[in-house]
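This report describes selected features of a protein model for a reader who is new to structural analysis. Please keep the sequence and the structure in view while reading.

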Amino acid sequence: MGRRPLGAEGGAGVLKAHSRLFEQLAFLTDLALIVACWVGAYALRFHVFGHGDIPPFSGYALQLLPILAVWGVAYRAFDLYRPQRLGSHLSEWWDVTKASTLGVLVLVSVMTFAFRSYDYSRIVILTFWAASIVSASLSRAVFREALRVARRRGYNQRYAVVVGGGEPAAEVLRVLRRRPDAGIRVLGLLSDKRDGEGTGVAWLGGIEEIRAVVTSRQVDIVIIALPHTDYARLGSVLNEIGDEPVTIHFVPDLFSLASLRGGVEEFESVPFIHLRESPLYGWNLLLKRMSDVVLGATALAVALPAMTVIGAAIVLTSGRPVLYRQERMGLDGRRFQMLKFRTMRVDAERETGPVWARADDPRRTRLGAFLRRKSLDELPQLWNVLRGDMSIVGPRPERPFFVEQFKHRIPQYMLRHKVKAGITGWAQVNGWRGNTSLEKRIEYDLYYIENWSVTLDLKIMWLTVFRGLFQRV
């Protein structure tokens, strides 16, 4: 079994000593803030906003000992002093909130059963609870920002090696290069191929050489970023590292497994890796629906006079019906009746069956050709939006007959049904509409789903006015 060089051992010892010093300083700072919050809550309640008799502070001072004990245990229990180089600051804030809430519950219990002769103000307790969360969160934010500044200047560094290859390893290297404030300096890459070339890091050897690299260099962190095809080698990599005193991080290969908005979420301490998920859930879904209803109703009211004129023109030039109902496939593969102004002669598909419309389709009426060229035949779909069948923005819905053909021929075609179909979409405003490449259309539809935001929706609506209504793209 190899030994790490004395220089590396000494460096690691100094780093650990510094980490312990930071931890102790942070712990003492937290306790000092907790004392200040309790005293401040008392002063605010009785000396700033209070009136009448002021209870002596001695009764509240009695609680300082249990407060320090409870908060100290709670902060340790929620692991608030762990390194946060790669952690989420939002999750740290949430841990502070949970620890302070637990502390207040225990404090109220102590007051109720051990200090019955004292009448403590509920306003003081609530103020103290809120102040403890805010002060601890702000102190951590200031401390983290100071560390980020120091790390960008080359201080407080940790040294890492990346084990793996392909897109997972390349993405890890890109992220760490963008974030020098994390204070993680990559010594090199261990990979079967010389994937380090062109990435700005050295190639240190094959994956099986991890033990030799860890024992011969000052390595603090090992980041394992294997492609999912190499997951069978994970056990051997861990065995090679053995009991060397290094931190080990594993980066799952979501890049090749996730097909739509992959991510990781923890549920009851169990990490769930989402390989496919719609962006529209919770508040996003509500926001999307509210914008559809408000903007759809407004657009329908504005377009109603024009729609009345178009309806009358259709009756005068080619008779009834004015509207054409066609079955389309929408959210999660559900079918609905999509409305359009009729642009073709009645029973146009009686002899041919379902066929793909062409730019010079002879079945169109003269008025219908104009309506389709200006996209005015789509206006009745505003009613589909209000009914909830469609959205203003989304992938254009297709007929089930064609969906059955496309889903076997075009990879990931059915993923476009993870959101509601739209009157207009990212593909359409970029020119991929009508008789154009289906592959490119799917590419743009999936980009929209992956990057959905209200801002993107507004951008597409704005572009539709110029590219969809006023010019043929």
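## A nonpolar patch on the surface

In this predicted model, six named residues form a nonpolar patch on the surface: Leu 287, Val 293, Val 294, Leu 295, Val 454 and Leu 458. The area of this patch is about 460 Å². Two elements, helix H10 (283-318) and helix H16 (454-469), each give two or more residues to the patch. Helix H10 supplies the largest share, with 4 residues.

Is Val 294, a member of the patch, buried or exposed? Val 294 belongs to helix H10 and has a relative accessible area of 53%. Residues count as exposed when this value is over 50%, and therefore Val 294 is classed as exposed.

## An open parallel sheet

Which strands make up the open sheet, and in what order? The sheet contains 5 strands, arranged as E3-E2-E1-E4-E5, and their pairing is parallel. Strand E3 (203-205) and strand E5 (247-250) occupy the edges; each has a single partner strand, so one side of each lacks a neighbour in the sheet. On average, and with direction ignored, neighbouring strands of the sheet are turned by 30° against each other.

Within this sheet, strand E1 (residues 158-164) and strand E2 (residues 184-190) run parallel and are joined by 6 bridges. At one position along this pairing, Ala 160 stands opposite Val 186 of E2.

## Helices against the sheet

Helix H6 (residues 166-178) lies across E1, E2 and strand E4 (221-225). The direction of H6 makes an angle of about 135° with E4.

Helix H8 (residues 234-241) also packs on the sheet, where E1, E4 and E5 are the strands that H8 touches. Between the directions of H8 and E4 the angle is about 170°. Strands E1 and E4 are thus named in the descriptions of both helices.

## The protein as a whole

The secondary structure of the protein consists of 16 helices and 11 strands. The protein has 473 residues, of which 41% count as buried.

How much of the contact total links residues 24 or more positions apart? Among contacts with a separation of 6 or more, such pairs account for 69%. The accessible surface of the protein is about 25900 Å², and carbon and sulfur atoms contribute 61% of this area.

Conventions:
Residues numbered from 1 in each chain as written. Predicted model: local features only at pLDDT ≥ 70, side-chain atom pairs only at ≥ 80, totals over all residues. Heavy atoms only, no water. Buried < 20%, exposed > 50% of the residue type's maximum accessible area, 1.4 Å probe, protein only. Contact = heavy atoms within 4.5 Å. Areas by Shrake-Rupley, 256 points an atom, 1.4 Å probe, with all protein chains shown as cover. Patch = residues over 30% accessible without salt bridge, like charges linked within 9 Å, V, L, I, M, F, W, Y side chains within 5 Å. Salt bridge = Lys/Arg side-chain N within 4 Å of Asp/Glu carboxyl O. Pairing = 2+ DSSP bridges. Axes fitted to C-alpha atoms, helices over the stretch in contact; angles between N-to-C directions.
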